[in-house]
Amino acid sequence: INWQGSKNYKMDRHRSIPLNYFESLFNISGLEFINLQKGFGEEQIKNFKYKDKLYNFSSIVDTSQNSFEDTLEIIRNLDLVITPDTAIAHLSSSLGIKTWIIISPYGLDWRWFLNKEETPWYKNTRLFRQKKESNWSLVMDQVKEELIKEFYM
């Protein structure tokens, strides 16, 4: 999972999701979660209720000049990436990894159109849309429901 984009992006407040909104996903038994967050936003792990269930390699990945080099290799080995519209979304989607992008109706990137669940640019990508600004709970409930269907039905 990834939850935070660059705070330097002017529309970041519309796309980044506080880590605590992912808590309900960690209640699904049998799933393992890997942290793809690096840098800003990573500090949220310290107070995260399920930090013991979140594999966190951030201190040892992408420490050289080649940004995302290690992250790309981690992503290649995942079944699914769940993220807001960040660089991680585009990396995993470009690699053909199943990617679920959680998006806000504000500051929307043109690639995601307005009312679709898919995008023609990334075949293995599904879009989960926030219905009301700053209400991440409902969309995360939908993600949880689909996650259960994906891995248990």
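These are my notebook entries on one predicted protein model.

**Ground rules**

I count residues from 1 along each chain as its sequence is written, and I work with heavy atoms for side-chain values, leaving out hydrogens and water. Since this is a predicted model, I ask for pLDDT of at least 70 for local features and 80 or more for side-chain atom pairs, while totals for chains, interfaces and linings use all residues.

**Entry 1: the overall fold**

I began with the secondary structure. I read helices (H or I, at least four residues) and strands (E, at least two) as DSSP runs, numbered from the N terminus. The protein chain has four helices and five strands. Read from the N terminus, their order is α-β-β-α-β-α-β-β-α.

Next I looked up the dimensions. My radius of gyration is taken over C-alpha atoms, and the globule rule is 2.2 Å times the number of residues to the power 0.38. For 153 residues, a compact globule would come out near 15 Å, and the protein chain agrees because its value is 15 Å. Along the principal axes, the C-alpha atoms fill a box of roughly 40 × 35 × 30 Å.

**Entry 2: surface, contacts and charge**

I call a residue buried under 20% relative accessible area, exposed over 50% and partly exposed in between (1.4 Å probe, protein chains only). By that measure, 44% of the 153 residues of the protein chain are buried.

For the accessible surface I used the Shrake-Rupley method with a 1.4 Å probe; for residues, only the protein chains shown count as cover. The total for the protein chain is about 8,800 Å², and carbon and sulfur atoms hold 49% of it.

I take a contact to mean heavy atoms within 4.5 Å. Among contacts in the protein chain with a separation of 6 or more, 52% link residues 24 or more positions apart.

For charges, I counted Lys and Arg as positive and Asp and Glu as negative, without His or the chain ends. Each charge sits at NZ of Lys, CZ of Arg, CG of Asp or CD of Glu. The protein chain has 20 positive and 20 negative charges, and their mean positions are 5 Å apart.

**Entry 3: helix α3**

How many of the eight residues of α3 are buried? I found six, so this helix (residues 87-94) is largely enclosed by the rest of the structure. The buried residues are I88, A89, H90, L91, S92 and S93. Their cover includes α2 (69-76), β3 (81-84), β4 (99-103) and β5 (125-129). After α3 comes G96, with a positive phi near 85°.

**Entry 4: aromatic pairs**

I pair rings of Phe, Tyr and Trp (its six-membered ring) if their centres lie within 6.5 Å; planes under 30 degrees apart are stacked, over 60 edge-to-face and the rest tilted. The structure has six such pairs. One of them is F26 with Y50, stacked at 5.9 Å centre to centre with 15° between the planes. F26 sits in the loop between α1 (12-15) and β1 (33-34), and Y50 in the loop between β1 and β2 (54-55), so the pair ties together parts 24 residues apart in sequence. F26 and Y50 are both buried.

Y55 and F57 also pair: their ring centres are 6.5 Å apart and their planes at 10°, so I note them as stacked. Y55 is partly exposed at 40% relative accessible area, and F57 is partly exposed at 35%. I also found one aromatic cluster formed by F26, F33, F48 and Y50.

**Entry 5: a loop residue and two spots on α4**

Is D52 buried or exposed? D52 lies in the loop between β1 and β2, and its 67% relative accessibility makes it exposed. The C-alpha atoms of D52 and Q37 are 16 Å apart, with their positions 15 residues apart along the chain.

Helix α4 (residues 136-152) contains I148, which is partly exposed at 31%. Apart from neighbours within four places in sequence, I148 is in contact with I28 and M153. From I148 to I1 I read 16 Å, C-alpha to C-alpha, for a sequence separation of 147 residues.

Q142 is in α4 too, and is partly exposed at 25%. Which residues does Q142 touch, not counting residues up to four places away in sequence? I found R126 and F128. F128 lies 14 residues from Q142 in sequence and 7.8 Å from it in space, C-alpha to C-alpha.
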